[in-house]
Amino acid sequence: MPAATTGRTGVAVIGLGGAVASTAVAGVELLRLGSMTTAGLPFAHREDLVPYESLVFGGWDVRGDDLAKAAHVHRVLEPALIEAVGSQLQHIEPWPAVADEAYCRNATGTNVVGIGPLRQRVARVREDLRRFKEAEGLERVVVVNLASTEAWPDLTSAVLADLDTFDKGLDTDEAVITPGMIYCYAAIAEGCPYVNFTPGFADVPALLEFAERENVPVAGKDGKTGQTLIKTVLAPAFRSRALRVEGWYSTNILGNRDGAILDDPSSLASKLDTKGSVLDSILGYEVADHVVRIDYYRPRGDSKEAWDNIDLVGFLGARMQLKVDFLCRDSILAAPLVLELVRLLAEADRRGEGGPQEQLGYFFKAPVTRAGQTPEHALHVQERVLLDWLDRR
């Protein structure tokens with residue numbers, strides 16, 4: 001097997017000016033200064049993966065603010081931490097983004113590529129990736145989708161069914177092809193590993209076929225950070241002890257940009273689908289009263305509250321309840337996972353392992369799998385699969 005990667009690795013982020021991305025970039029810069037611990041980074045001990053300090057960031061956003069300004073706006077980090085790496089963050093400005101308000105009505109900005117033919121938009125993203133790689137002298141570039149949640153397209157459309165029809169759809173400007181799909185297609189065409197950390201549906205059969213054909217690693221979708229993380233830990237325990245889940249009520253309140261995007265019903269529907277899909281799979285039966293809510297509450301900012309009420313039935317029909325109130329920091333949970341995914345996708349690329357990276361299901365609410373495969377959701381099983389893959393050298 002080839003030696004471990006030591007060169008500079010590019011990270012091209014869709015949604016570079018968002019809270020998660022700006023937090024991740026600031027975190028790497030603070031690591032370079034030696035003023036940050038590796039808390040929250042589950043694979044910091046793996047010296048066989050690319051070093052955090054070798055990561056070079058660029059990417060797209062509908063807002064053109066440099067990352068120092070963006071980080072202050074999002075208020076995830078204390079101002080003193082941002083100012084400690086302010087000069088580095090100021091030099092990173094987002095490239096104009098490929099966006100379409102039809103798929104994300106609450107995400108607006110002026111730093112956008114003009115609406116044009118889909119092929120032209122794909123060409124623009126590919127050009128950005130080539131320029132980034134050449135200008136920074138990068139060994140490889142990993143593309144990470146951290147954009148606002150898109151509304152799902154018509155998934156029954158024949159355009160998305162295979163690569164041939166998708167290519168024809170690009171030529172005829174089919175409306176079913178979303179901005180997220182354009183980025184994914186362009187990344188694969190450029191040989192760049194691609195990870196979808198959003199609930200957006202970029203893992204359509206046509207694009208998975210393209211990734212397999214080009215032997216490009218892809219992973220996703222929808223990062224598992226807070227409430228769903230807890231759900232995939234608790235549900236296996238209930239199943240193991242034969243405690244039947246009669247009902248599970250989950251609600252979230254958050255006030256960051258992601259929350260504002262999810263205030264739009266079409267974007268919210270995409271998010272609720274991925275959040276609600278894991279429980280029945282783990283338990284092995286349908287929980288009829290499984291309710292998931294997400295509400296935008298501006299004063300909370302990035303400090304999300306995820307509250308669960310679980311109704312259980314035990315021995316002799318005795319009823320019990322468990323209540324969990326997770327007062328979490330949305331971007332603080334997500335940013336380190338993004339950094340680990342970049343390192344792991346770079347490793348998959350180094351090994352020459354293209355197509356869906358099922359071993360990375362550990363990170364996602366709705367893991368992408370190869371055709372015909374059922375995703376695993378229990379966190380302890382996902383972790384073992386990933387560790388086995390890492391150790392298979």
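How do the residues of the lining of the largest cavity divide into nonpolar, polar and charged? In this predicted model, the lining has nine nonpolar, two polar and two charged residues. The structure holds one cavity of 30 Å³ or more. Two nonpolar cores, the cysteines, helix 7 and some backbone details are also covered below.

**Cavity**
- The largest cavity has a volume of about 100 Å³.
- Its lining is made up of 13 residues. Nearest the centre lie A202, D203, L208, V218 and V368.
- Four elements each give two or more residues to the lining: helix 7 (179–189), strand 5 (194–196), helix 8 (205–214) and strand 6 (217–220).
- Strand 6 provides the largest share, three residues.

**Nonpolar cores**
- The largest nonpolar core has 54 residues. F43, L344, L360 and F363 have the most contacts inside this core.
- Three strands are among the elements that give it two or more residues: strand 1 (9–14), strand 2 (55–61) and strand 4 (140–145).
- Helices that do so include helix 1 (19–33), helix 2 (67–74), helix 13 (330–351) and helix 14 (379–391).
- Helix 13 gives the most, with eleven residues.
- L344 is in contact with F43, L49, L360, F363, L386, W389 and L390, leaving aside neighbours within four places in sequence.
- Another core lies apart from this one and has 45 residues. Among them are A12, C184, Y194 and F201.

**Cysteines**
- The whole structure contains zero disulfides.
- Why is C184 not bonded to C192? The sulfur of C192 is the closest cysteine sulfur to that of C184, but at 11 Å it is too far for a bond.
- C192 is likewise in no disulfide. Its nearest cysteine sulfur is that of C184, 11 Å away.
- Both cysteines are covered. C184 counts as buried because its relative accessibility is 3%. C192 counts as buried at 7%.

**Helix 7 and its flanks**
- Helix 7 is mostly covered, with ten of its eleven residues buried.
- The buried set runs through P179, G180, M181, I182, Y183, C184, Y185, A186, A187 and I188.
- Just after helix 7, G191 takes a positive phi of about 75 degrees.
- D173 sits in the loop between helix 6 (163–171) and helix 7. D173 is not a glycine, yet has a positive phi of about 55 degrees.
- D173 is partly exposed, with a relative accessible area of 40%.

**Around strand 6**
- N215 lies in the loop between helix 8 and strand 6. This residue other than glycine has a positive phi, near 55 degrees.
- N215 counts as partly exposed, at 40% relative accessibility.
- The peptide bond from G220 to K221 is cis, with omega near 0 degrees. K221 is in the loop between strand 6 and helix 9.
- T225 is found in the loop between strand 6 and helix 9 (227–240).
- Is T225 buried or exposed? T225 counts as buried because its relative accessibility is 9%, under the 20% cut-off.
- T225 touches F197, D330, L333, A334 and L337, not counting residues up to four places away in sequence.

Methods. Residues are numbered from 1 along each chain as its sequence is written. This is a predicted model: local features need pLDDT of at least 70, side-chain atom pairs count only at pLDDT 80 or more; totals for chains, interfaces and linings use all residues. Side-chain values use heavy atoms; hydrogens and water are left out. On a 1 Å grid over the protein atoms alone, a cavity is a set of points where a 1.4 Å probe fits but cannot get out, and a pocket is an open set with protein on both sides within 12 Å along at least five of seven lines; lining residues have an atom within 4 Å of a point. Grid points are joined across faces, edges and corners, and a volume is the space filled by probe spheres set on the points. Ala, Val, Leu, Ile, Met, Phe, Trp, Tyr, Cys and Pro count as nonpolar, Asp, Glu, Lys and Arg as charged, and the others, Gly among them, as polar. A nonpolar core is a set of buried Ala, Val, Leu, Ile, Met, Phe, Trp, Tyr and Cys residues joined through side-chain atoms within 4.5 Å. Buried means under 20% relative accessible area, exposed over 50%, partly exposed in between (1.4 Å probe, protein chains only). Contact means heavy atoms within 4.5 Å. A disulfide is a pair of cysteine sulfur atoms within 2.5 Å.
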